[in-house]
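Me: Could you walk me through a close look at one part of this model? I'd like one connected account, cut-offs included.

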Amino acid sequence: MGIETSCDETGVGFVRDGVLLGDALASSMDEHARFGGVVPEVAARAHVNAMVPMVNAALGNAGLSLRDVGAVAVTAGPGLTSALQVGIAAAKSYALALDVPMYAVHHLAGHAAADTLEHGPLPSPCVILIVSGGHTSLLLVRDLVDQRILHLSDTWDDAAGEAFDKVARLLGLGYPGGPAIDRAARDGDPRAIAFPRPLTGPQARGQELEFSFSGLKTAVARYVEKGVDPALTTADVAASFQEAVVDVLVSKAILACRMHDVSTLVIVGGVAANGRLRASAEERCAAAGLQLRVPPMRLCTDNGAMIAAIGDLLVRAGAPDSPRDFSVDPAAVLHRAQLFIPEEVLASP
Ligand code: KG4
Ligand code: ZN
């Protein structure tokens with residue numbers, strides 16, 4: 001059983017031997033829309049209300065009963081503390097009541113594991129581009145649960161999803177911004193405005209893989225403040241912004257594969273649901289001779305199945321279960337899929 005409550009989605013999923021048996025998802029997104037972003041306390045309360053119904057719904061979808069559960073995995077970070085606490089409390093309760101082991105897992109490792117539910121085990125090595133609301137990173141991964149994950153780069157400021165959300169607000173497209181820009185951009189011209197591609201070009205030497213999106217966001221804000229060219233529409237601005245983000249993400253991800261002699265690129269996280277990102281990555285990976293893997297849309301954004309996928313991998317790898325007194329790690333950095341693990345495991349390569 002996997003439980004995810006790091007943000008505004010209450011997700012529960014069941015995975016056995018790499019196969020998704022069933023899952024269920026509730027979202028408090030609508031309750032946050034009028035605030036323009038997720039309100040932690042509102043999200044936490046919604047998790048409390050949705051938790052047991054989602055466990056029961058996922059059990060029903062999987063054709064399982066609680067007695068079938070062999071282990072419980074839960075997101076322990078990163079995320080909103082009060083929201084994470086609800087999932088952890090639920091996971092501990094189920095694990096205690098069922099007398100099964102429990103695993104504290106890293107949310108972003110879950111995003112990567114989501115792809116294994118559709119495409120099978122990840123090849124070793126692979127480059128993973130994680131693009132979510134809070135993170136943008138390029139990772140070099142050999143074994144998702146058995147080995148230390150190497151960060152090739154991260155964002156210096158805003159995450160890609162955050163840039164989508166902020167620019168959507170600027171353009172009056174509402175929250176959540178990613179899907180809104182994705183939709184609006186379909187009617188726009190991606191070449192209408194040449195927005196900057198941060199940290200690309202000769203001046204970025206030595207920092208070719210790093211990301212920065214706050215300057216791009218400011219460039220869109222300046223453009224809008226000046227007054228949009230009357231010949232252009234909001235859709236053109238959205239499409240041009242989206243093109244800049246996608247161009248930077250795909251270029252750097254492909255470069256990371258080249259620099260590390262890796263032939264498989266995996267793109268995961270909420271922004272991997274973006275239509276233009278998926279199309280551009282497909283085209284450019286094919287041209288570069290790289291294998292591209294992207295989870296199905298519904299497994300890109302937060303869900304419980306991806307956390308169950310990590311739990312299943314940990315169980316099958318014989319990982320030691322997490323101590324029962326673990327708590328939240330709201331700012332956890334992704335070095336290992338499992339959080340709160342014994343020192344001797346941490347010391348291994
Ligand atoms: O991974 P996720 O569901 O939650 C986090 O772990 O942050 O990612 C949420 C982010 C939000 O910023 C949202 O705007 C973005 O993913 N997103 C998208 C799309 N769908 C979700 N961004 C661009 N295009 C989309 N279709
Ligand atoms: Zn996420």
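Reply: Happy to! Let's start at P125, which is found in the loop between helix 4 and strand 6 (126-131); helices are DSSP runs of H or I with at least four residues, strands runs of E with at least two, numbered from the N terminus. The peptide bond leading into P125 from S124 is cis, with omega near 0 degrees. This is a predicted model, where local features need pLDDT of at least 70 and side-chain atom pairs pLDDT 80 or more, while totals for chains, interfaces and linings use all residues. Residues are numbered from 1 along each chain as written, chains are lettered from A and ligands numbered from 1 in written order, and side-chain values use heavy atoms, without hydrogens or water.

On to ligand 1: 18 residues surround it (a heavy atom within 4 Å), and H111, G133, D165, G178 and D182 come nearest. Backbone polar atoms approach oxygen atoms of the ligand (polar contact: N or O pairs within 3.5 Å): G133 at 2.8 Å, G161 at 3.1 Å, and D302, through a backbone N or O, at 3.1 Å. Alone, ligand 1 exposes 550 Å², of which the protein buries 88% (Shrake-Rupley, 1.4 Å probe). Helix 4 (107-119), helix 5 (160-170) and helix 6 (177-185) each give two or more residues to the shell. Its make-up is four nonpolar, eleven polar and three charged residues, with Gly counted as polar and Asp as charged. Domain 1 (2-111 + 300-346) and domain 2 (124-295) each supply at least three shell residues, the bounds coming from an automatic or database assignment.

Methods:
A polar contact is a pair of N or O atoms within 3.5 Å; within protein, one must be able to donate a hydrogen and the other to accept it, and residues adjacent in sequence count only if both atoms are side-chain atoms.
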